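Subject: Structure handover

Dear colleague,

Here is the structure I said I would pass on. My notes on its charged pairs and one of its sheets follow below the entry.

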Amino acid sequence: MKIFWTILICCLHHISIYAHPSWAFIMDKNEKIYLVDLLSSDGTLMRIDLKTEELKVLATGFHCHSMQLGKDGHIYAGLNIWRQGEIEGEGHNYLIRINTDDGTLDTLLFSDRYLNYFGGDIAMTGDLSTVLYTYQNHIYAKTLPNQPTRKWLDHTFQRASTIAVDKNGTLWIADTRERDGTLYRLDKNGVLQAYCSGLIPAKPDHPVFKERRHHIFFGIGFNEKGDPMVTESADRKVVEVFSSGKKRLIYQSDRNWHPLRAFQYKGHYYVLETGWRPGKGFLDSKIRVLNEQLEVEKTLIVHTKRRELEVEK
C-alpha cells in the first residue's frame, strides 16, 4: 500500500508540473529570447539568439514561472524552489536580476516565508524599487532591499493566476475564476477596474486537460501599443484585449497544445506554447512567430530534453 501511494503522489506531482509549466518567456533589448523549462534540472533558463538561431543554457536549478523586462534593460525573475524532504519551511524564494549584457545572475532578495516574499509569480513596479507578488489571492509588495512586506491593494481575488506591469507602470491581474476569467487593471491612483470578463470558457471544446482546475490563465503580455494579451489553457487561446472592451483572437493552439505567453515586437507576435498528450507525455515547447496578418511565419521548436533548437519556416 505504501508503494502504491508513493507512485500515486509521484504521478500527480508529474501531471501538476505538466499542467503548470513556466510562462517565463521574454525578449531583451538585444532581441534575444529568454525562456524557462521546468521539466528537468529543477528548472532550466535558456537564451535563444534569433539572429544565429542558437540556444544556450544559462542556468539550472532555476524554477521560475514569470519574468519581466525592466526599464534598465535587464530581466527580473521570481524563483520558488521546493523539494519535499530537502527544503524546510515555505521553500526557497528568490528575486533574480538577469544582466542582459553578460548573462550573469544577481540575487536581489531571498525569503523562506511566503508572507515576506513568494517567488511564484512576480512583477516589478515601473521604477524597479518594489517587487509585487501574488499569494492567497492577494497582491503583496516588497520594497527593496528589505522593507516590510505590505498588501498592495485591499481586494481579495477569486483566483489570482498571474500579474504583469506594462511599460507605463500599470498593474494587470488575471483572475481565472472571476466571471469566467477576468482581466483587472490597477491604475496609478490605486483604482481597480474589471477590464474584461468572459475570457475563459466554462465548457471548452478540446482542452489539453479535462480537469477544470487546470483551465487557467498563464502569462500576460502586451502588443506594441500597450494593449494586454492573455493566454489560457481551456480554449487554448491568445486573446488581445482593447480599452473599448473588444477582444481579438491572436492565436489558438492545435489540440494537445496551449499557449503560455505572447508579446509583440516590430510588428510580429511571438507565442510560446507547450503540449501534452496522454500516453506520450510532454511534447516539448514551440515558439510561433506570427506576422501582422496573424499568419505563422516561423516556428522555433525547443527540444528541451536535449537542449536543441529546430527552426521550421
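E86 is exposed in this predicted model, since its relative accessible area of 59% lies over the 50% cut-off. Its salt-bridge partner is R83, and the closest N and O atoms of the two are 2.9 Å apart. R83 itself has 29% relative accessibility and so counts as partly exposed. The pair does not stand alone: D42 joins R83 and E86 in a network of salt bridges. In the whole structure, the search finds 13 salt bridges.

R288 takes part in two of the contacts I looked at, one with D254 and one with E273. As a general point, side chains of opposite charge can pair when their charged atoms come close.

With D254, the N to O distance is 3.8 Å. This salt bridge links distant parts of the chain, 34 residues apart: R288 belongs to strand β23 (residues 281-290), while D254 sits in the loop between β20 (247-252) and β21 (257-265). R288 is buried, at a relative accessible area of 13%, whereas D254 is partly exposed, at 46%.

With E273, the closest N and O atoms are 2.9 Å apart. E273 lies in strand β22 (residues 268-277) and R288 in strand β23, so this salt bridge ties together parts of the chain that are 15 residues apart in sequence. How accessible is E273, buried or exposed? Its relative accessibility is 1%, so E273 counts as buried, the cut-off being under 20%. R288, at 13%, is buried by that cut-off too.

Strand β20, which precedes the loop that holds D254, also belongs to a sheet. This sheet is open and has four strands in the order β17-β18-β19-β20, with antiparallel pairing. Its edge strands are β17 (217-222) and β20, each of which pairs on one side only. Direction ignored, neighbouring strands of the sheet are turned by 25 degrees against each other on average.

At the β20 edge, the pairing is with β19 (residues 237-241): the two strands run antiparallel and are joined by five bridges. Among the residues involved, K237 has Q252 in β20 as its bridge partner. In general, strands of a sheet pair through backbone hydrogen bonds, either parallel or antiparallel.

When you open the model, I would begin with R288, which is buried and forms salt bridges with both D254 and E273.

Regards

Conventions
Residues are numbered from 1 along each chain as its sequence is written. This is a predicted model: local features need pLDDT of at least 70, side-chain atom pairs count only at pLDDT 80 or more; totals for chains, interfaces and linings use all residues. Side-chain values use heavy atoms; hydrogens and water are left out. A salt bridge is a side-chain nitrogen of Lys or Arg within 4 Å of a carboxyl oxygen of Asp or Glu. Buried means under 20% relative accessible area, exposed over 50%, partly exposed in between (1.4 Å probe, protein chains only). Two strands pair if DSSP finds at least two bridges between them. Axes are lines fitted to C-alpha atoms, for helices over the stretch in contact, and angles run from 0 to 180 degrees between N-to-C directions.
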